[in-house]
Amino acid sequence: QQQQQQQQTEQDLLQSQQKEPNIQPAKPSSTSRPMRVPAWFLSRRQEMLIIGFALFLALQVVVPLRHFWYEGDSMWTEDGHRYAWHMMLRDKRGRIDGFAITEACVLNQTWEFNPKGYLTPDQLRHMAFSPHLMVQFAHHLSSIFRSRSMPCIEVRAIGSVASLNGRPFQAFVKSHVDLAARSVVGWEGSASIVHPIWHELKGGFF
């Protein structure tokens, strides 16, 4: 009986092997073509170039128009005026007599500083109509006095006047504002430290 069972098992195995299909790997057809990359497909380098060019174009639009984010007329306050498209459409002049430097903690004294002997004529001319440059120079003066063990230094403009596009000269930077307490970066804008334009320009556009 054991031999019969063993023979029956071997026959079943042979029959099952005969029933299994003979699977062979398919041979590549002589008519098959290589896969082509679509024409619209971009390489990694091309994608980076397009992204970089798009960022460059966005920068060229945002930077000249950033003056709309600030309060007041950018031609007067100088906020966002640099690199703006209307940068060359104005004539602005200014004058400043000096700065009042106050030590408010220990000595409680005030000194007047004349920048004419410290700055070049071109530096003084540009600073006279730019609140941002006045703030930067005020920080410079404050750092000098702080290095002499004077911690509480306040810097204010004296006799600051300006003229825009032929208007009469008028008060420009407010004399009670501590310029050394303002941010050098100037994100808050200059509208709060300058007087508004009092005179209207007759026969002009700005």
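1. Leu 107 lies in the loop between strand 2 and strand 3, where strands (E, at least two residues) and helices (H or I, at least four residues) are DSSP runs numbered from the N terminus. With a relative accessible area of 41%, Leu 107 is partly exposed; the term buried stands for under 20% relative accessible area, exposed for over 50%, and partly exposed for what falls in between, with a 1.4 Å probe and protein chains only. The C-alpha atom of Leu 107 is separated by 8.5 Å from that of Met 150, and the two residues are 43 residues apart along the chain.

2. Some remarks on the basis of these values belong here. This is a predicted model, in which local features need pLDDT of at least 70 and side-chain atom pairs count only at pLDDT 80 or more, whereas totals for chains, interfaces and linings use all residues. Residues are numbered from 1 along each chain as its sequence is written, and side-chain values use heavy atoms, with hydrogens and water left out.

3. The loop that holds Leu 107 also brings us to the disulfide. The structure holds 1 disulfide, the term being used for a pair of cysteine sulfur atoms within 2.5 Å, and it joins Cys 105 to Cys 152 with an S to S distance of 1.5 Å. The pair links distant parts of the chain, since Cys 105 sits in the loop between strand 2 and strand 3 and Cys 152 in the loop between helix 5 and strand 4, 47 residues apart. The link of Cys 105 and Cys 152 is left-handed, with -75° about the S-S bond. Cys 105 is partly exposed at a relative accessible area of 46%, and Cys 152 also counts as partly exposed, at 26% relative accessibility.

4. Strand 2 and strand 4 belong to an open sheet of 3 strands in the order 3-2-4, with antiparallel pairing; two strands are taken to pair if DSSP finds at least two bridges between them. Strand 3 (109–113) and strand 4 are the edge strands, each pairing on one side only, and the twist from one strand to the next averages 20°. Over 6 bridges, strand 2 and strand 4 pair in the antiparallel sense; Glu 103 stands opposite Ile 153 in strand 4, and Phe 99 has Ala 157 of strand 4 as its bridge partner.

5. The side chains of strand 4 alternate along its length. Ile 153, Val 155 and Ala 157 point to one face and are buried, while Glu 154, Arg 156 and Ile 158 point to the other face and are not buried. Helix 5 lies across strand 2, strand 3 and strand 4, and runs at about 140° to strand 4; such angles run from 0 to 180 degrees between N-to-C directions, with axes as lines fitted to C-alpha atoms, for helices over the stretch in contact.

6. Helix 5 also packs with helix 4, at an angle of about 120° and with the axes 7 Å apart. The contact, meaning heavy atoms within 4.5 Å, is made by His 126, Met 127 and Ala 128 of helix 4 together with Leu 133, Met 134 and Phe 137 of helix 5. Of the residues in this contact of helix 4 with helix 5, 5 are nonpolar, 1 is polar and none is charged.

7. The largest nonpolar core has 28 residues, and Ile 96, Phe 99, Met 127 and Leu 179 are those with the most contacts inside it; such a core is a set of buried Ala, Val, Leu, Ile, Met, Phe, Trp, Tyr and Cys residues joined through side-chain atoms within 4.5 Å. The elements that each supply at least two residues of this core include helix 3 (74–77), strand 2 (98–103), helix 4 (121–128) and helix 5 (131–146), and the largest share, 6 residues, comes from helix 5. Not counting residues up to four places away in sequence, Ile 96 touches Leu 124, Met 127, Ala 128, Met 134, Ala 157, Ile 158, Gly 159 and Ser 160.

8. A further open sheet is made by 3 strands in the order 1-5-6, again with antiparallel pairing. Strand 1 (92–95) and strand 6 (170–171) stand at its edges, each with a single partner strand, so one side of each is left without a neighbour in the sheet. Strand 5 and strand 6 run antiparallel and are joined by 2 bridges, and Val 161 stands opposite Ala 171 in strand 6.

Methods
Ala, Val, Leu, Ile, Met, Phe, Trp, Tyr, Cys and Pro count as nonpolar, Asp, Glu, Lys and Arg as charged, and the others, Gly among them, as polar.
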